[in-house]
Amino acid sequence: MTRYSSIILSVTLVLTSFVSLAAFAVNAQPTTKPARDGQAVYGRYCAACHGRGMRGAPKLTDASAWAPRLEQDKATLYAHSIQGIGWMPTRGGCSTCTDEEIKAAVDYLLTIVARPTPVPAEPIRAPQ
Ligand code: HEC
């Protein structure tokens, strides 16, 4: 290797490390990560309990278990989900979830549990 080429090589190495350092510095900037959508958060964190009705968790598909809870307003459901309630841990165990992500998960949950129930058919009456 000539003296000249080794100088070129060192300059290149120095430049490359500057570039990667700069890239590192850019990556290290706090970035606002895109929010996970409600269904994704539900699937990853909430379904473990609400899918099966674990530890008394109202099961997603069990309308009667949800009925008394749905009488509360949405703000209460959000607050309970963020703070935790009974056996349910704070944020349903998703410590990295933002309030918005937990609310989105509650909204997703509500689209399933709060589906309007079909209007019951006219009750059969005993002949008079
Ligand atoms: C470790 C199990 C567990 C996980 C994980 C969990 N929950 Fe729960 N959840 C429960 C239990 C148990 C209850 C019933 C608590 C009670 O009323 O005593 C509950 C209740 C709720 C309620 C009703 C609250 C009320 O005011 O009646 C909502 C809404 C809810 N969970 C949403 C979520 C969401 C959203 C997630 C995911 C981010 C989640 N849960 C994750 C166990 C869990």
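The following legends describe close-up views of a predicted model of a protein with a bound ligand.

**View 1. The helices of the protein.** The predicted model contains five helices and zero strands. Read from the N terminus, the order of the elements is α-α-α-α-α. Of the 128 residues in the protein, 16% are buried. When contacts between residues at least 6 apart in sequence are considered, 61% of them link residues at least 24 apart.

**View 2. The shell around the ligand.** The ligand is surrounded by 30 residues. C46, C49, G86, M88 and G92 are the closest of these. By residue class, the shell comprises 18 nonpolar, nine polar and three charged residues.

**View 3. Helices that contribute to the shell.** At least two residues of the shell around the ligand come from each of helix 2 (38-50), helix 4 (74-83) and helix 5 (99-113). The greatest contribution is that of helix 2, which provides six residues.

**View 4. The packing of helix 4 against helix 5.** Two packed helices are described by the angle between their axes and by the distance separating those axes. For helix 4 and helix 5, the angle is about 120° and the axes lie 9 Å apart. Helix 4 is therefore oblique to helix 5. The crossing of helix 4 past helix 5 is right-handed.

**View 5. Residues at the contact of helix 4 with helix 5.** From helix 4, the residues L77, Y78, S81 and I82 meet D99, I102, K103 and V106 of helix 5. This contact is made up of five nonpolar residues, one polar residue and two charged residues.

Note on methods. Residues are numbered from 1 along each chain as its sequence is written. This is a predicted model: local features need pLDDT of at least 70, side-chain atom pairs count only at pLDDT 80 or more; totals for chains, interfaces and linings use all residues. A residue is near a molecule or strand if its C-beta atom, placed from the backbone, lies within 6 Å of it. Helices (H or I, at least four residues) and strands (E, at least two) are DSSP runs, numbered from the N terminus. Ala, Val, Leu, Ile, Met, Phe, Trp, Tyr, Cys and Pro count as nonpolar, Asp, Glu, Lys and Arg as charged, and the others, Gly among them, as polar. Axes are lines fitted to C-alpha atoms, for helices over the stretch in contact, and angles run from 0 to 180 degrees between N-to-C directions. Angles under 35 degrees count as roughly parallel, over 145 as roughly antiparallel, 65 to 115 as roughly perpendicular and the rest as oblique. A crossing is left-handed if the near helix is turned anticlockwise from the far one by less than a right angle, and right-handed if clockwise. Two residues are in contact if their C-beta atoms, placed from the backbone, lie within 7 Å. A residue is buried if 20 or more other C-beta atoms lie within 10 Å of its own, exposed if 12 or fewer, and partly exposed in between; C-beta atoms are placed from the backbone.
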